[in-house]
Amino acid sequence: MDSSPVNWEALDALIIDFAKSENLIEDSSPPSSPSLTSPSSPSLSSSSYRSRLIILQIRRSLEAGNIDAAVDLLRAQAPFVLEDQRLLFRLQKQKFIELLRKGTTEDRGFAIDYLRKSLAPCALNAYPEAYEEFKHVLLAFIYDENDQTSPVANEWAEKRRYEIAGLLTSVLRAHLHAYNPVFSMTLRYLISIHKGFCFREGILSPISNLTERLLLEERDPPAIPEESLYEAQPFDEVDIQALAHAVELTRQGAIDSLRVAKGDLFLAFQNEICRMRLDAAMLDELVREYCIYRGIVESGVQTLSEPLKVNPPESGCCSSRECSFDADCSSAKRSNSETSATTDPSSVQGTDAELRYASEPANNLEDCSTSGSHQSENSRLPRNRSHGAGERSKRKRWRGRHDDLDLISDIHFNRCGKQEVVENTNGEDKYEIVVGIKELAGRGMAAEVVEEINALDPNFFEQNPVLLFQLKQVEFLNLVGLGEHSGALRVACSHLGPLAASDHSLLKPLKETLLALLRPNEDALVSGLPLHVLATSLQVAFGKRLGIEEPQLMRIMRATLHTHTEWFKLQMCKDGFESLLRIDSLKENNTAVLTAVAASKSNTNSCTLGSSQVTVSSTARLSDDGGSPNQASSRDVICDENAILKVMEFLALPRADAIHLLAQYNGNAETVIQQIFA
């Protein structure tokens, strides 16, 4: 499967926002905590951290069968939930079951008393089927909890706890706008599209070992729309179909979701995306690994005592991973599985610096960390590196989720044990070297980068001449920008010319680079030079020489962004939610000189420009490589968006299938429907 280029700077911004919003890093400006009594703004600012924590504790109480604790929290923080008789009846019915589950004579008496005073009166007014459910649950007095053939086996099942916990979570999230951070929602959306695309096209996903465990199969139940005696306001069919196919809902499910969101398509979309479940511990580890690799957080400052263990989701009852404090505790206690060098810089002469692992994966599930075990024989750690010391001091410290619960007063949790921290004080590790090189390249300090890499691995540029050409391009343009034309020409004669002579694909970018001599000095670098692209390419290539593989999150983003582009080519429309989730910014890649060079020479997918972010509308023509002439002519026929929507609505078909059928019948929706039902 192909992959798409990614704007890593945009991803960095999303990751930092995620880490701050989830309080995973130590930061002086944490997200604000809005009051639960007044919903926060329906924006993606991720300012609902405390709200999400309280919702999480309500969920955990319900999953543990502690209905009283959940009701107390609801009464204090979200009393509107208890005013809804439908939700109150479900809570009371579950409390009745939990009283019987205790099995004592005293609790059985409490259950009978609770039945008379609370459950029966509520059943009369909750909803039409409530009284029948009330009479049915009375059978729990007769049939034992362990009788799997009893008519009330479902009422006894512990999965009922998870169902009501998920329902209350959805309701609270929708009312309080306590949405997950943007990156978390974006990842859910991209992975769901990736899975759907691979299934439709019969393609084996190269990242299935990650996506299957990261995005869980189960979803939270949808929030219940408010009851109204008036006829529901009709929604635009465009919105209904867009929501239904974006998050895999039935048409009625999309209508109900829009009712919950009072017709706001984007709020409804966020409600549905957040119903998808992510493995929180695995996501945190992927983010942490990426942050260390990119130099966002400190590396090698501490090594925790135990590795992260990612368990597969349990069948039957939901494991509530995304909201599980057990997973959070495990995440907080995980080890630094990333590579760290412990060789003292003063003792590296004549010996290869070796990689030391805090822990080795115990099974094939523990592959979130991708640090390699191989190393270039010519690699050496430099004795002194002052470059990037200032940048290093600005990096944040990873803290994990283990202290988050202190923010909620009067709520008690099972605390994780104190972490055992081993300080890494033996010298600069290889992550710091690679990150330092990336930072130098990102600032355009090409000469320093070449010197640094040659000191570490003299053979690196022999095997990566395109990267050397790109660095010398930067050095050339820097000198031109300073007015030092003679120095720039020396760089061109000494390096750019010989490199282009040995690789004719570099002649065109060489000519374009030399054109900078004709521009004013101050405009020499105003050519959209994508230094961050070069910096990332250097980081990936040189990191592999040191035995550091790129993070798994990079693989996930490349693959899912590619399938997102291909999916909407099939749909023949633009994704209406890509701006909301910042997907458009993730696809914004500068296609200037350096990127073009990388595309012409790269042997890996990481620098390829094969897939762009372009998605076409239903009236646009196929791109040159987008399909056959017959497909292009059919596209001209299908110019009526209303016809597409009509077929999608009446036949409950995906957009691409609706377009395919319309192409066979000259774009006539009525003819398509008649033929199907004939």
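A residue is called buried if its relative accessible area is under 20%. The legends below describe close-up views of a predicted model.

**View 1. The aromatic pair F18 and F183.** F18 and F183 are both buried. Their ring centres are 5.8 Å apart and their planes meet at 70°, an edge-to-face arrangement. F18 sits in helix α1 (residues 8-21) and F183 in helix α10, so that the pair links distant parts of the chain, with the two positions 165 residues apart in numbering.

**View 2. The aromatic pair F89 and Y127.** This pair counts as edge-to-face because the planes of F89 and Y127 stand at 85°, with ring centres 5.7 Å apart; the cut-off for this class is over 60 degrees. F89 belongs to helix α5 (residues 85-102), while Y127 lies in the loop between α6 (105-123) and α7 (130-137). The two residues are 38 residues apart, and their pair links distant parts of the chain. Both F89 and Y127 are buried.

**View 3. An aromatic cluster of Y189, F266, F269 and F577.** Ring pairs join Y189, F266, F269 and F577 into this cluster. Across the whole structure, the search finds nine aromatic pairs.

**View 4. The largest pocket and its lining.** The volume of the largest pocket is about 820 Å³. Its lining consists of 35 residues, and those nearest the pocket centre are Q241, A242, H245, A246 and Q571. Two or more lining residues come from each of α10 (182-201), α12 (237-246), α25 (552-571) and α29 (641-651). Helix α10 gives the largest share, eight residues. Sorted by class, the lining holds 18 nonpolar, seven polar and ten charged residues.

**View 5. Two cysteines, C198 and C493.** C198 has a relative accessible area of 7% and is therefore buried, since the limit is under 20%. C493 is at 60% relative accessibility, so this residue counts as exposed; the class begins over 50%. A disulfide is a covalent bond that joins the sulfur atoms of two cysteines. The structure holds zero disulfides.

Methods. Residues are numbered from 1 along each chain as its sequence is written. This is a predicted model: local features need pLDDT of at least 70, side-chain atom pairs count only at pLDDT 80 or more; totals for chains, interfaces and linings use all residues. Side-chain values use heavy atoms; hydrogens and water are left out. On a 1 Å grid over the protein atoms alone, a cavity is a set of points where a 1.4 Å probe fits but cannot get out, and a pocket is an open set with protein on both sides within 12 Å along at least five of seven lines; lining residues have an atom within 4 Å of a point. Grid points are joined across faces, edges and corners, and a volume is the space filled by probe spheres set on the points. Helices (H or I, at least four residues) and strands (E, at least two) are DSSP runs, numbered from the N terminus. Ala, Val, Leu, Ile, Met, Phe, Trp, Tyr, Cys and Pro count as nonpolar, Asp, Glu, Lys and Arg as charged, and the others, Gly among them, as polar. Rings of Phe, Tyr and Trp (its six-membered ring) pair if their centres lie within 6.5 Å; planes under 30 degrees apart count as stacked, over 60 as edge-to-face and the rest as tilted. Buried means under 20% relative accessible area, exposed over 50%, partly exposed in between (1.4 Å probe, protein chains only). A disulfide is a pair of cysteine sulfur atoms within 2.5 Å.
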